[in-house]
Amino acid sequence: MKKKVLVIGANGFTGRRILNDLSRNDEYIVTGCSLHDDIAPDSGNYRFISADICQMGEQSALFREVRPNIVINTSALSVPDYCEAHRDEADSINVNAVGQLAFRCEASAARFIHLSTDFVFNGDTGQLYTEEDTPDPVNYYGATKLKGEKRVAELCSNYAIARVVVVYGAALPGQHGNILQLVANRLRNNEEIRVVSDQWRTPTYVGDVSQGIEKLINHPNNGIYHICGSECLTIADIAYRVADTLNLDYSLILPVTTKQMGETTPRPRFSGLSIEKARRELGYQPHTLEEGIKLMFNL
């Protein structure tokens, strides 16, 4: 019997890739949901519903109409500076709506797969974080995502939380870009770009997130899984990899410290995540950064 899958945040960068990939699999009946109309209609074998998950009436109607077996939540307010300045809105999307989704999944016996972030950690380490390490966010975005994780774990008896890091890949029209696309665009236009040289991340190809989420659909266990890349690099190193792979001018990349960048909202210094659990339990195998960049730019 085919599983009915509901992808929330299906216009977003990661959500769209998951929607597209699952809609090509005959095992699933896929519905995408977003606040706005489908940005790529007729691009796959799926249904699309416009709904605001922060409105409880709309969320309830969505579940009644779709009756999902699997709910994948990729929606979030994810810009740290914006979350810091708009805390009520961040709470509404990243905490309250997530709690309601978790409640409805439990009530309807649906498996809930919720995407989270490396920003739940404070970055005061030099070792890759595991799923057993204690979160301690340094900004309000991370705090809301951690609260969302806790709501899911408290309310659901069938769930998985997937933490992702610096997701990159080719964006569709209407979607926000990512740091790799920004670097490539600037270098191709012979423009300088300032990038942070003292913040470490494990960048993740968007197709690998989709791969990991599909594995979690059929995984029997609950819990947190780090679904990201295997290489831990500074943001500046990531930019240099883009330049190297695309044969662009290195000299236009200007590495600066976090202090020199003058960001108003704190970020974790080191938030690389270990993927050993995902490798061991899921058979998760991400691309290298070079492989991901080549896929992103069709090389």
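1. Start with His 114, which sits in strand E5. In this predicted model, His 114 is buried, because its relative accessibility is 0%. Setting aside residues up to four places away in sequence, His 114 touches Asn 73, Val 98, Lys 145, Gly 148, Val 152, Ala 160, Ile 161 and Ala 162. If you want one residue to click on to get a feel for strand E5, His 114 is in that strand.

2. One of the partners of His 114 is Ala 160, so go there next. Ala 160 belongs to strand E6, which covers residues 159-164. Is Ala 160 buried or exposed? With a relative accessibility of 0%, Ala 160 counts as buried. Its contacts, again without residues up to four places away in sequence, are Arg 111, Phe 112, Ile 113, His 114, Leu 216 and Gly 223. For a sense of scale, look at Cys 83: it is 77 residues from Ala 160 along the chain, and the two C-alpha atoms are 24 Å apart.

3. Back to strand E5, which runs over residues 111-117 and includes Thr 117. Thr 117 counts as buried because its relative accessibility is 5%, and the cut-off for buried is under 20%. Two polar links are worth a look here. The side chain of Thr 117 makes a polar contact of 3.1 Å with the side chain of Asp 118. The side chain of Thr 117 also reaches the backbone nitrogen of Phe 119, at 3.0 Å. Beyond four places in sequence, Thr 117 touches Tyr 141, Lys 145, Arg 163 and Val 164. Lys 145 turns up in the contacts of His 114 as well.

4. Now for a loop. Which elements does the loop with Asp 37 connect? Asp 37 is found between strand E2 (28-34) and strand E3 (46-50). Asp 37 is exposed, because its relative accessible area is 57% and exposed means over 50%. Still, Asp 37 has contacts beyond four places in sequence, and these are Asn 11, Phe 48 and Ser 50. With Ser 50 there is a polar contact of 3.0 Å between the side chains. Ala 51 is 14 residues from Asp 37 in sequence, and their C-alpha atoms are 9.0 Å apart.

5. Two residues deserve a second look for their backbone angles. Most residues other than glycine have a negative phi. Ala 109 is not a glycine, yet it has a positive phi of about 60°. You'll find Ala 109 in the loop between helix H4 (87-107) and strand E5. Ala 109 is exposed, at a relative accessible area of 68%.

6. The other one is Asn 247, also not a glycine, with a positive phi of about 55°. Where does Asn 247 sit? It is in the loop between helix H8 (235-246) and strand E13 (253-256). With a relative accessible area of 69%, Asn 247 is exposed.

7. Further along the chain, have a look at Leu 282 in helix H10, which spans residues 276-282. Leu 282 is buried, with a relative accessible area of 11%. Apart from neighbours within four places in sequence, Leu 282 is in contact with Lys 215, Leu 216, His 219, Tyr 225, Ile 227 and Lys 277. Leu 216 also appears among the contacts of Ala 160. Thr 204 lies 78 residues from Leu 282 in sequence, with 17 Å between the C-alpha atoms.

8. Finally, the overall picture. The chain has 11 helices and 13 strands. Its radius of gyration is 19 Å, which agrees with the value near 19 Å for a compact globule of 299 residues. Along the principal axes, the C-alpha atoms fill a box of roughly 55 × 40 × 40 Å. Buried residues make up 54% of the 299 in the chain. Of the contacts with a separation of 6 or more, 78% come from residues 24 or more positions apart.

9. A last word on surface and charge. The accessible surface of the chain is about 13300 Å², and carbon and sulfur atoms hold 47% of that. How far apart are the mean positions of the positive and negative charges? The chain has 30 positive and 37 negative charges, and their mean positions are 4 Å apart.

Technical notes. Residues numbered from 1 in each chain as written. Predicted model: local features only at pLDDT ≥ 70, side-chain atom pairs only at ≥ 80, totals over all residues. Heavy atoms only, no water. Helix = DSSP H or I, 4+ residues; strand = E, 2+ residues; numbered from the N terminus. Rg over C-alpha atoms; globule rule 2.2 N^0.38 Å. Buried < 20%, exposed > 50% of the residue type's maximum accessible area, 1.4 Å probe, protein only. Contact = heavy atoms within 4.5 Å. Areas by Shrake-Rupley, 256 points an atom, 1.4 Å probe, with all protein chains shown as cover. Lys, Arg positive; Asp, Glu negative; His and termini not counted. Charge placed at Lys NZ, Arg CZ, Asp CG, Glu CD. Polar contact = N/O pair within 3.5 Å; in protein donor to acceptor, adjacent residues only side chain to side chain.
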